[in-house]
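Here are a few notes to go with the model. Have it open while you read.

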Amino acid sequence: MKKNFWEGHVTPGRIFGNVYFVGTRPASTHVIDTEEGLIVIDPGYPEALGEVLANMRAVGLDPMKTRVILCSHGHYDHAGAVLALREMTGAKVYLGRGDLDMVEKGVNTWVEELGTEYHEHFTPDVLLDDGDHVTLGKTDILCLSTPGHTAGTLSFFFDVTDGERTVRAGMHGGVGINTLSEGYIKEKRQPADMREKFLSGLGRLKSERVELFLGNHVHNNNTAVKLEKVAKGDKNAFITPEEWIPFLESREKALGALMEAEAREAETVRIIEQSKVVMIVRGVALDALIPLAEAMYRGGIRAMECTYDATGKVPDEAIAEAIGALAKHFEGRMVIGAGTVIRESQVELTAKHGGRFIVSPDMNEAIIRKTKAYHLASLPGALTPTEAAAAHRAGADFVKLFPISTLGAPYLKAVRAPLSHIRFIAVGGVRLEKMADYLAAGAKGFGIGVTDEDKQAIKEKNFAFVEERCRRYMQAAQGK
Ligand SMILES: [Zn+2]
């Protein structure tokens with residue numbers, strides 16, 4: 001069954017002074033109850049508008065008194081219900097200028113990612129620029145442009161009074177780095193400097209004094225927990241001046257970690273592409289693995305695959321630990337990956353232990369997507385053009401044409417003809433003397449298994465033999 005992303009109840013309540021939370025768990029909606037009517041910040045999902053309206057009534061607010069609808073950004077989970085609420089109340093709609101196309105034409109609204117459809121396009125009444133103010137009654141909201149999550153993301157700052165006390169409230173209007181991955185920026189044709197803009201926005205907001213920290217999503221500021229505290233009598237539960245700067249810093253760190261993971265992923269692909277050989281090691285006892293791998297390394301191998309045991313005799317955890325030990329030992333020298341990956345859990349295990357790439361005998365889109373989500377290189381198996389094209393579409397970095405030996409170089413050449421954009425590697429019974437033919441047919445690399453001769457040599461600890469064999473494979477792969 002498809003997940004309904006808009007579902008998830010939060011008991012609504014007063015945050016502080018005239019500020020209320022009336023949203024849902026997946027999308028925050030805040031209301032400011034001014035002398036001249038209500039300001040609704042982010043009405044949320046259209047599917048959840050009924051719940052938001054009920055929440056408003058539950059805390060004693062009349063939705064029909066809405067005069068201002070203020071959007072933090074144009075994504076569907078924040079602005080999807082704008083049109084319906086405006087038609088109901090006649091309120092004026094304010095949005096950051098950079099998100100106009102998003103709400104007017106439905107461009108990059110994050111709606112596909114949320115698994116739903118977007119029909120409710122609208123034109124805002126007022127487009128906001130950096131430094132603009134939105135005022136109603138005595139409430140004066142400073143809007144600062146903080147692009148990155150979207151081009152038009154705004155952050156809001158305003159004073160809130162409760163009895164004798166006045167505090168400064170602040171909300172960053174879009175801190176998700178889901179739209180800042182290299183893939184998303186490229187695919188959605190976002191400006192190349194979105195990440196820099198995001199970071200500079202975070203830096204800039206550090207100079208804002210924020211005592212009342214509002215979340216753009218409930219997990220930003222633990223909205224639900226704090227509302228419970230308020231309900232139990234702690235009226236200052238949301239007054240947490242110590243949280244603002246660390247929150248902004250945590251978002252800087254998150255983007256830094258993403259960029260690091262992407263750089264590592266690109267490096268893995270580059271290493272496989274340049275060295276052209278993935279050495280496959282299957283069923284070697286852990287104590288023999290390091291000396292064996294060292295011999296392979298000396299022979300020129302830079303990518304080594306340890307296979308999971310499809311028979312289930314060796315537990316996945318044991319293989320993953322071996323991968324982890326090798327990855328640690330060879331950090332900076334050789335990339336270690338996992339082979340015979342047929343379950344998503346094996347992708348997770350491999351990533352957890354520092355493996356850098358995932359090789360599968362088959363083409364499983366779920367595994368490819370998971371692999372890319374963990375920033376590992378993806379090498380699924382395929383035999384037909386249909387499978388190869390599907391693997392490429394799902395994000396595979398290389399497609400392993402497997403088993404190649406049964407069909408030979410002419411087959412590779414024929415498959416590759418209409419699919420020259422796909423990097424094929426030849427795997428399955430690849431023999432030294434055939435490698436030149438595969439290269440001529442367009443192979444970009446090879447997966448090479450350990451032969452019976454190698455196994456014997458390993459048994460006899462004749463690592464010089466393994467080293468020499470690897471050297472010959474490497475030379476053949478480079479067309480020498
Ligand atoms: Zn968003």
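**Notes on the model**

1. T135 is partly exposed, because 13 other C-beta atoms lie within 10 Å (20 or more would make a residue buried, 12 or fewer exposed, and partly exposed is in between, with C-beta atoms placed from the backbone). T135 sits in strand 8, residues 133–136. V68 is 67 residues away along the chain, yet the C-alpha atoms of T135 and V68 are 9.0 Å apart.

2. Some housekeeping: this is a predicted model, where local features need pLDDT of at least 70, side-chain atom pairs count only at pLDDT 80 or more, and totals for chains, interfaces and linings use all residues. Residues are numbered from 1 along each chain as its sequence is written.

3. Now the inside. The largest nonpolar core (buried Ala, Val, Leu, Ile, Met, Phe, Trp, Tyr and Cys residues joined through C-beta atoms within 7 Å) has 71 residues. V277, M279, M304, L401, A426 and F446 have the most contacts inside this core. A second, separate core has 64 residues, including Y20, A79, W110 and L144.

4. Next, a helix pair (helices are DSSP runs of H or I, at least four residues; strands are runs of E, at least two; both are numbered from the N terminus). Helix 10 (residues 286–298) meets helix 11 (residues 316–329) through L286, L289, I290 and A293 on one side and A322, L326 and H329 on the other; contact here means C-beta atoms, placed from the backbone, within 7 Å.

Key
Axes are lines fitted to C-alpha atoms, for helices over the stretch in contact, and angles run from 0 to 180 degrees between N-to-C directions. Two residues are in contact if their C-beta atoms, placed from the backbone, lie within 7 Å.
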